[in-house]
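Q: I'd like to learn how to read a protein model feature by feature. Could you walk me through this one?

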Protein chains: 2
Amino acid sequence: MIQKGIAAKGGDLLPEPTLRRLPWYLAYLSTLKTQEETYISTTRLAEALAVDPSQIAKDLSFLGIRGKTRLGYEVNTLARTLHEFLGFGKCHNAIMTGAGSLGAALMADSGLQHYGLNIVAGIDTDPALAGTSISGVPVYAPSELDSLVKRLDIKIGIIAVPVEAAQDVADSLVAAGVKALWNFTPTRIRVSGQTVVANTSIYSHLAVMYNRLANLPHESIAD
Amino acid sequence: MIQKGIAAKGGDLLPEPTLRRLPWYLAYLSTLKTQEETYISTTRLAEALAVDPSQIAKDLSFLGIRGKTRLGYEVNTLARTLHEFLGFGKCHNAIMTGAGSLGAALMADSGLQHYGLNIVAGIDTDPALAGTSISGVPVYAPSELDSLVKRLDIKIGIIAVPVEAAQDVADSLVAAGVKALWNFTPTRIRVSGQTVVANTSIYSHLAVMYNRLANLPHESIAD
């Protein structure tokens, strides 16, 4: 979901597939912690997640962590290391552009905060919304964008505006000094220069799901 | 985001990359419609979306639609065809499991309805939530799952429960007769047989974005 074009720093950029598997390991560990297990072997992780054991060992080597022979990884240490490594323990200030249905929904999701995302302000073109707050997050008029980004040290701009406005909003966010865009619209955002663009196009995911659903073998669709 | 293992029907399954690009085209067309343009050329689509023109022609050929020489595609026809083809014009009944922060947020997002997703019921283990409704969607106890899926002809189960419960909930949804799972947890869901699993792991996307943000070339991070 990360668009190409971000320069690697000395080639040490972690492969995206690894970065997407690491949260699986963390999620699985949280189920173990409730069972009070101390160690987890690569083999067991591999079976539970249907990932090749050698792949898991390689993924975890990026964290500088190694399992003990026969025992495997210490669950709490591995969980803590993953949590820190993935940035979930840091506080990343973000601004939500578009405080409509999806934007407001994301502002209401306390889960994002648990994963290190701190939405400190919202922006909306609707004059009725400016000056209000949604789930405790104050909403401002677009004219406030520049000063907000600087004053609140905002590095991430979340885009949840209508499709037609997405590119303009992206340009304004970059101009204001934001370093990463998290795009929830189905639009392809174009940026020049060194800006990270992460796409979470939930409506596009629907299209893929509908298509696969419509193409399931007939016998399993019929009741 | 679709997990492997879904059997193709005579090999005519649309490639996922194509299915993920088609919504870009639709989104871009909606910006044109406000400008009242009649035709769009492949070249212009290609420039706007940074997709190779031959790729666009190939993607659109799956829809059985061809552009006119020199003019290109008729905007309204192409938009309507894409909308229908992607399943956004149909009504897909879905059940939300987990009516907590993220689940409630998704139930509140009217955008999903515009893209053909009709959340007809919610399920939550919290006894205080059963019997209430969230954004107009009634919430039930888990014991109601089976009868709801059958009675309301629900084909899609959305998973927005805590990580620890995700696999059990997935199993219950499949047992109840749901044909597709839309998984919002960072867990890797495992299903046997012919069930579509679509993963929208928004928290995993955060991990990738944080990593890329931390690895931006230094000069562009500095203010």
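Q: Let's start with the sheet in chain A: what is the order of its strands, and is the sheet open or closed?

A: Sure, and keep in mind that this is a predicted model. The general idea is that strands of a sheet pair through backbone hydrogen bonds, either parallel or antiparallel. Here you get an open sheet of seven strands in chain A, ordered β5-β6-β4-β3-β7-β8-β9, and the pairing is mixed.

Q: Which strands sit at the edges of that sheet?

A: The edges are β5 (133-134) and β9 (196-199) of chain A, each of which pairs on one side only.

Q: In which sense do β5(A) and β6(A) pair?

A: Antiparallel: two bridges link β5(A) to strand β6 (residues 137-140) of chain A. To find the spot on screen, pick A:Ser133, whose bridge partner in β6(A) is A:Pro138.

Q: Which helix of chain B lies across strands of chain A?

A: That's helix α9 (residues 202-214) of chain B. The chain A strands it lies across are β3 (92-97), β4 (117-123), β7 (156-159), β8 (180-183) and β9. Relative to β8(A), α9(B) runs at about 160 degrees.

Q: Now a parallel example. Which strands of chain B pair with β7(B)?

A: On the one hand, strand β3 (residues 92-97) of chain B runs parallel to β7(B), with four bridges joining them. A residue pair to look for is B:Thr97, which stands opposite B:Ile159 in β7(B). On the other hand, β7(B) pairs with strand β8 (residues 180-183) of chain B, again in the parallel sense and over four bridges. There, B:Gly157 has B:Leu181 in β8(B) as its bridge partner.

Q: Which way do the residues of β7(B) point, and are they buried or exposed?

A: The rule of thumb is that in a regular strand the side chains alternate between the two faces of the sheet. In strand β7 (residues 156-159) of chain B, B:Ile156 and B:Ile158 point one way, while B:Gly157 and B:Ile159 point the other way. All of these are buried.

Q: On to helices. At what angle do α1(B) and α2(B) pack?

A: Two packed helices are described by the angle between their axes and the distance between the axes. For helix α1 (residues 16-34) and helix α2 (residues 42-49) of chain B, the angle is about 105 degrees and the axes are 11 Å apart. Angles of 65 to 115 degrees count as roughly perpendicular, so α1(B) is roughly perpendicular to α2(B).

Q: Which residues meet where α1(B) and α2(B) pack?

A: From α1(B) come B:Trp24, B:Tyr25, B:Tyr28 and B:Leu32, and they meet B:Arg44, B:Leu45, B:Ala48 and B:Leu49 of α2(B). By class, that contact has seven nonpolar residues, no polar ones and one charged residue.

Q: Let's zoom in on one residue. Is A:Tyr25 buried or exposed?

A: Buried, with a relative accessible area of 0%. A:Tyr25 lies in helix α1 (residues 16-34) of chain A. Leaving aside its neighbours within four places in sequence, A:Tyr25 is in contact with A:Leu45, A:Leu49, A:Val51, A:Ile56, A:Asp59, A:Leu60 and A:Leu82. One of these, A:Ile56, is 31 residues away in sequence, with 8.8 Å from C-alpha to C-alpha.

Q: Which residues of chain B, other than glycine, have a positive phi?

A: Two cases to click on are B:Ala50, with phi near 55 degrees, and B:Arg70, at about 70 degrees. B:Ala50 is in the loop between α2 and α3 (53-61) of chain B, and B:Arg70 is in the loop between α3 and β2 (73-74) of chain B. B:Ala50 is partly exposed at 44% relative accessible area, whereas B:Arg70 counts as exposed at 84%.

Q: Zooming out, what does the domain assignment give for chain A?

A: Domain 1 covers 16-85 and domain 2 covers 92-206. Their C-alpha centres lie 32 Å apart. Chain A has ten helices and nine strands, and its C-alpha trace spans about 60 × 50 × 35 Å along the principal axes. Of its 223 residues, 53% count as buried.

Note on methods
Residues numbered from 1 in each chain as written. Chains lettered and ligands numbered in written order. Predicted model: local features only at pLDDT ≥ 70, side-chain atom pairs only at ≥ 80, totals over all residues. Heavy atoms only, no water. Axes fitted to C-alpha atoms, helices over the stretch in contact; angles between N-to-C directions. Parallel < 35°, antiparallel > 145°, perpendicular 65-115°, else oblique. Contact = heavy atoms within 4.5 Å. Nonpolar A, V, L, I, M, F, W, Y, C, P; charged D, E, K, R; others polar. Pairing = 2+ DSSP bridges. Domains from an automatic or database assignment. Buried < 20%, exposed > 50% of the residue type's maximum accessible area, 1.4 Å probe, protein only.
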